[in-house]
Amino acid sequence: MATIGFIGLGNMGGPMAINLAKAGHTVQAFDLSEAAIKRVAEAGATAAASAAEAVKGAEFVVSMLPAGKHVRGLFLGDDGLLGQMEQGALLIDSSTIDADSARAVAEAAQAAGCAMIDAPVSGGVAGAEGGTLTFMVGGNSADVDRARPLLEVMGAKIFHAGDAGAGQVAKMCNNMLLAISMIGTSEALNLGVSEGLDPSVLSDIMQSASGGNWVLNVYNPYPGVMEKAPASRGYTGGFGTALMLKDLGLAADAAVKCGSSTPLGGLARQLYAMHAAGGSADKDFSSILQMLQGKAQ
Ligand code: NAD
């Protein structure tokens with residue numbers, strides 16, 4: 001069993017840390033929120049008074065922070081956490097951040113005598129709670145293999161995408177595609193219903209025809225078509241519009257940097273920005289259908 005420093009105990013990090021503790025690891029947990037630390041400590045982790053205390057004596061450090069600036073701010077710099085980690089310790093950063101930040105932290109980790117892999121996830125809060133996340137990992141094979149037993153506690157699928165930063169690139173590409181297919185599926189359903197079709201009948205047809213896709217299979221945006229989808233519970237409890245907008249921003253920035261054309265990704269970003277600005281930032285991202293219907297608040 002390993003000693004793990006876990007930093008960032010929010011909606012995702014909290015249940016991930018709890019799963020590691022339940023699997024028998026020693027989890028030294030820290031967050032800026034005392035309530036978040038308390039929740040995780042009550043489920044078997046050890047409360048740390050600071051990030052430095054969390055990484056003391058830890059052979060692994062897992063971080064699950066909001067964005068690149070938090071990851072860079074915590075780990076880099078003269079008094080950054082990398083300088084306080086144990087020699088040889090492996091940092092697993094599961095935050096969704098830009099690939100350049102991930103590469104910068106990986107380089108600095110190596111210079112500090114540690115190692116780092118980027119391991120962003122998909123699967124949402126339910127996946128974090130159930131230990132069924134999908135990890136998209138960037139880093140060298142030896143480090144990925146070393147992290148694998150911990151990733152297998154927190155997730156069900158682990159993909160090694162390539163070198164440092166590759167996990168973040170894979171995550172960003174996937175979410176850009178997801179946003180595009182959510183908007184496209186919503187448009188098709190809205191058009192069909194406007195022409196008098198039943199959304200369930202149209203969904204069944206498209207699911208089996210050439211328009212079939214993941215959104216139609218498990219995440220239908222039309223209320224009432226799929227009992228367990230966020231659309232059927234008022235667009236709550238899924239993947240928030242604000243988080244999708246963040247990921248589309250990462251894709252847009254990367255596209256500018258590497259000169260790749262992403263016209264539909266760019267349009268999806270604009271549509272999600274309008275939707276968020278219209279008061280739907282906290283709703284599940286499938287609520288983009290309501291914007292097309294003119295129903296978004
Ligand atoms: P969250 O806001 O619930 O949690 C982030 C936590 O980090 C907060 O508790 C905050 O207090 C803590 N934090 C911030 N700076 C810190 C610091 N310097 N030291 C210690 N703690 C600090 O966010 P979340 O939903 O758990 O998401 C975390 C990451 O996972 C994000 O990058 C997000 O894009 C990604 N993600 C989220 C989901 C989802 O469905 N929520 C799905 C996939 C990926």
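To what degree is Asp100 exposed, as judged by relative accessible area? In this predicted model, Asp100 has a relative accessible area of 36% and is therefore classed as partly exposed. Arg103 is likewise assigned to the partly exposed class, with a relative accessible area of 36%. The side chains of these two residues form a salt bridge, with an N to O distance of 3.0 Å. Both residues belong to helix α5 (residues 99-111), where a spacing of three residues places them about one turn of the helix apart.

Asp100 also takes part in a salt bridge with Lys257, for which the closest N and O atoms are 3.0 Å apart. This pair connects distant parts of the chain, since Asp100 lies in helix α5 and Lys257 in helix α11, 157 residues apart. Lys257 is exposed, its relative accessible area being 62%.

A further salt bridge joins Arg148 to Asp145, with 3.6 Å between the closest N and O atoms. Both residues are located in helix α7 (residues 141-154), three residues apart, or about one turn of the helix. Arg148 is partly exposed at 27% relative accessibility, and Asp145 is partly exposed at 48%. Through shared partners, salt bridges join Asp100, Arg103 and Lys257 into one network. In total, the model contains five salt bridges.

Helix α11 (residues 241-258) also contains Asp247. Asp247 is buried but forms no salt bridge; Lys171, the nearest side chain of opposite charge, is 4.2 Å away. Because a salt bridge requires the side-chain nitrogen to lie within 4 Å of a carboxyl oxygen, the distance of 4.2 Å to Lys171 leaves Asp247 without such a pairing. Beyond its close sequence neighbours, up to four places away, Asp247 touches Thr96, Lys171, Asn175 and Phe239.

Around the ligand there are 19 residues, of which Asn11, Met12, Asp31, Pro66 and Lys246 come nearest. A side-chain N or O atom of Asp31 is 2.6 Å from an oxygen atom of the ligand. Backbone N or O atoms are involved for Met12, at 2.9 Å from a ligand oxygen, and for Pro66, also at 2.9 Å from a ligand oxygen. The ligand taken alone exposes 830 Å², and the protein buries 84% of that area.

Leu82 is situated in the loop between α4 (68-75) and β5 (90-93). With a relative accessibility of 5%, Leu82 is counted as buried. Outside its neighbours within four places in sequence, Leu82 is in contact with residues including Phe75, Leu76, Leu91 and Val105. The C-alpha atoms of Leu82 and Val105 are separated by 8.8 Å, although the two residues are 23 residues apart along the chain.

Note on methods:
Residues numbered from 1 in each chain as written. Predicted model: local features only at pLDDT ≥ 70, side-chain atom pairs only at ≥ 80, totals over all residues. Heavy atoms only, no water. Helix = DSSP H or I, 4+ residues; strand = E, 2+ residues; numbered from the N terminus. Buried < 20%, exposed > 50% of the residue type's maximum accessible area, 1.4 Å probe, protein only. Lys, Arg positive; Asp, Glu negative; His and termini not counted. Contact = heavy atoms within 4.5 Å. Near = heavy atom within 4 Å. Polar contact = N/O pair within 3.5 Å; in protein donor to acceptor, adjacent residues only side chain to side chain. Areas by Shrake-Rupley, 256 points an atom, 1.4 Å probe, with all protein chains shown as cover.
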